[in-house]
Amino acid sequence: MEAGVCVCVCVWGGGGGSNSSVIIRRLMQMCEKHNSEFFNLLEGEAFLFQPWEIETDLYEVKWYRNVTQPEPISTEENQRVHYHGKTLFFLKVQPEDAGVYFDGRCHNYNVSIKVFRSENDTKLLYGKIKNSDSNMKVPCPGWVKSICDDHNGTFSWMKDFKPLKDQNKNDLLIKDAKKKHEGVYTCVCTWMHNQTVYRSSGSRRLIKGEVAFSGYQDRETSEVLADKGLEKKLNCSVFCGVNVFGQCNARWEVTGRSIQTDGYSQMTVFFSFFASVMDNSSKVTTSTAVLTIGKVSGRDFQTTFTCIGMGLFKTESRNITLRQRGIYFSFDVQNVSILLSCLLVAVLLKCFFIDIVLLVRPCLSQINRKTDTRMYDAFVIYQMECENTLQQFITKILPSVLEDKYRYRLFIHGRDDLPGQDHLEQVESCVQQSKTLMFVLTPASGSELTEQHPAGTFSVTPFLSPQIVLHHALIQSDIGVILIQIGDTVPGGFTHLPPGLQHLIMKSAPLRWRHESRWAAARNFRFWKKVRYLMPAVPAAKR
């Protein structure tokens with residue numbers, strides 16, 4: 001970057017002499033000084049300067065360079081730096097070009113010229129354009145426009161130093177401007193002087209300001225806490241944008257109510273301020289409407305209040321409602337109480353579901369009573385060659401609980417079969433007369449099965465396969481199945497049983513009877529509640 005000064009001497013009526021430098025310095029000391037003008041130029045481009053207040057018809061204008069040692073500027077138009085009339089020409093400006101000038105009426109004009117070698121230098125920018133308008137305009141810098149107008153030049157534009165197509169006017173108009181349009185815009189003038197083409201340019205930075213609401217903008221519908229019977233103020237703050245010179249207004253509307261007559265009052269305040277002390281080009285514009293509710297009533301909690309913001313190109317609104325203070329806490333306590341109650345009920349149902357069903361089932365059976373003429377509540381099937389534990393369960397404990405205490409009617413082979421009757425007919429008849437099939441199972445190891453039951457038999461008699469009973473259990477839909485396990489599960493499990501019975505075990509896990517428990521024969525033992533839950537609701541003996 002280089003800088004310098006030039007001197008323009010305007011002599012009224014002409015004149016000169018050998019001591020012109022001394023005369024010029026004395027005149028400059030005596031003359032009235034005007035504001036200095038500064039220009040930042042790109043090296044190699046052309047620049048013209050015209051002191052508009054000098055009328056060349058009245059004055060003979062002479063340009064000089066340097067204040068301390070004035071040097072006359074040439075009037076030859078073939079020179080790179082020369083003047084013609086009152087206009088100073090810098091054709092392909094160089095870093096050393098600069099100057100100060102004054103006229104013969106003792107008006108001193110100072111011109112400072114700085115020359116930069118890189119077009120990316122921010123000091124070449126002629127200000128910035130920053131606003132929130134939908135349509136933004138970038139004007140060409142004044143001195144570039146003047147050169148084009150005076151010399152019939154051609155305009156063109158660049159964005160971030162890349163040419164823009166079909167832009168040949170002195171103002172660049174950007175419609176529906178968005179963030180993507182931000183950047184450095186350069187106005188380029190191509191003009192001709194003495195049959196030579198020259199270029200002059202000036203750049204401005206474009207910044208798109210945001211347009212948004214700064215009031216109730218977080219949600220479409222907001223809630224504000226208020227106390228019933230007290231005064232409440234609601235602020236509707238609208239941020240209209242940066243450098244917005246058009247309309248910016250905020251106001252409140254109340255659904256179904258009159259602000260003037262229903263205890264409301266409204267005041268709107270308009271603000272316009274600079275966003276930064278160091279940046280006077282960014283002026284923020286806001287508007288705030290304050291709605292005062294003199295005394296909050298119950299009706300106000302059912303009313304919708306609308307904050308409306310109006311800009312030059314856009315109108316938006318946000319709705320809010322009032323909620324009485326303290327409602328949130330009670331509402332949360334109520335929700336937690338309901339949730340805990342539901343969890344407690346779910347736990348109780350999980351733990352005592354069978355007890356509840358057993359308690360209410362007799363009543364429901366009396367209300368919805370269906371005739372069932374079958375004789376037995378359960379047909380008991382078990383391993384005839386069994387150990388003492390199973391034998392005791394079949395012959396003593398099972399009848400003592402179900403028959404003696406709950407009056408169920410069971411058919412237990414070996415106890416209830418009639419001597420001399422055909423076994424097949426007896427089993428078929430008793431199964432058809434039973435509401436439930438009860439299988440009492442004993443897990444055994446594989447070696448025991450191979451030695452004791454080589455065919456994997458499980459029978460109601462030593463001669464009969466359980467295929468008839470399994471057929472009814474698998475096919476007959478109106479007959480229930482109860483599986484009871486005696487003893488612990490051992491390796492091999494129930495693989496010794498017929499496939500049909502294994503299928504039933506896979507569908508429903510057997511109920512395990514713990515013979516070692518001291519409550520094994522007690523009627524309130526959990527095991528017997530589960531058995532009763534699977535048994536018919538009304539015992540056959542009670543009909």
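**Exercise 1. How many bridges pair β4 with strand β8 (residues 87-90), and in which sense do the two strands pair?**

Before we solve it, keep in mind that this is a predicted model.

Step 1. Find β8 at residues 87-90 and look at how it lines up with β4: the two pair over three bridges, in the antiparallel sense.

Step 2. Pick out one pair of partners. F47 sits opposite F90 in β8.

Step 3. Now zoom out to the sheet. It is an open one with three strands in the order β4-β8-β7, and the pairing is antiparallel. The edges are β4 (47-49) and β7 (81-84), since each of them pairs on one side only. On average, neighbouring strands here are turned by 20° against each other, if you ignore direction.

If you wonder what holds such strands side by side, strands of a sheet pair through backbone hydrogen bonds, either parallel or antiparallel.

**Exercise 2. Work out where the largest nonpolar core lies, and follow F47 into it.**

Step 1. Start with the core itself: it has 38 residues, and F47 and W191 are the ones with the most contacts inside it.

Step 2. Ask who contributes. Domain 1 (26-116) and domain 2 (122-208) both give residues to this core, so it lies between the two.

Step 3. List what F47 touches, skipping residues up to four places away in sequence. You should get F39, L41, L88, F89, F90, I113, W143 and S200. F90 is also the residue that F47 faces in β8.

**Exercise 3. Describe strand β16 (residues 183-193) and its two pairing partners.**

Step 1. Check how covered it is. Nine of the eleven residues of β16 are buried, which makes the strand mostly covered.

Step 2. Take the partner β13 (residues 154-159). It pairs with β16 in the antiparallel sense, with six bridges. One of the pairs to spot is T154 with T190.

Step 3. Move to β17 (residues 196-208). This strand runs antiparallel to β16, and eleven bridges join the two. Here H193 stands opposite T196.

Step 4. Look at the turn. The hairpin of β16 and β17 has two residues between the strands, and N194 takes a positive phi near 55°.

**Exercise 4. Now do the same for strand β24 (residues 304-310).**

Step 1. Six of the seven residues in β24 are buried, so call it mostly covered, using the cut-off of under 20% relative accessible area for "buried".

Step 2. With strand β21 (residues 249-254), β24 pairs antiparallel over six bridges, and R251 faces I308.

Step 3. With strand β25 (residues 315-324), β24 pairs antiparallel over seven bridges, and M310 faces T315.

**Exercise 5. Is L390 buried or exposed, and what does it touch?**

Step 1. Locate L390: it belongs to helix α4 (residues 388-405).

Step 2. Apply the cut-off. L390 has 0% relative accessibility, so it counts as buried, because buried means under 20%.

Step 3. Leave aside neighbours within four places in sequence. L390 is then in contact with Q383, V440, T442 and I486.

Step 4. Compare sequence with space for T442. L390 and T442 are 52 residues apart along the chain, and their C-alpha atoms are separated by 7.9 Å.

**Exercise 6. What does the chain look like over residues 338-360?**

Step 1. Read the record: UniProt (an unreviewed entry) annotates residues 338-360 as "transmembrane region".

Step 2. Turn to the model. Residues 338-360 are 100% helix and 0% strand, with end C-alpha atoms 26 Å apart.

Methods:
Residues numbered from 1 in each chain as written. Predicted model: local features only at pLDDT ≥ 70, side-chain atom pairs only at ≥ 80, totals over all residues. Heavy atoms only, no water. Core = buried A, V, L, I, M, F, W, Y, C linked by side-chain atoms within 4.5 Å. Buried < 20%, exposed > 50% of the residue type's maximum accessible area, 1.4 Å probe, protein only. Domains from an automatic or database assignment. Contact = heavy atoms within 4.5 Å. Helix = DSSP H or I, 4+ residues; strand = E, 2+ residues; numbered from the N terminus. Pairing = 2+ DSSP bridges. UniProt positions renumbered as here; feature names shortened; annotations may be inferred. Axes fitted to C-alpha atoms, helices over the stretch in contact; angles between N-to-C directions.
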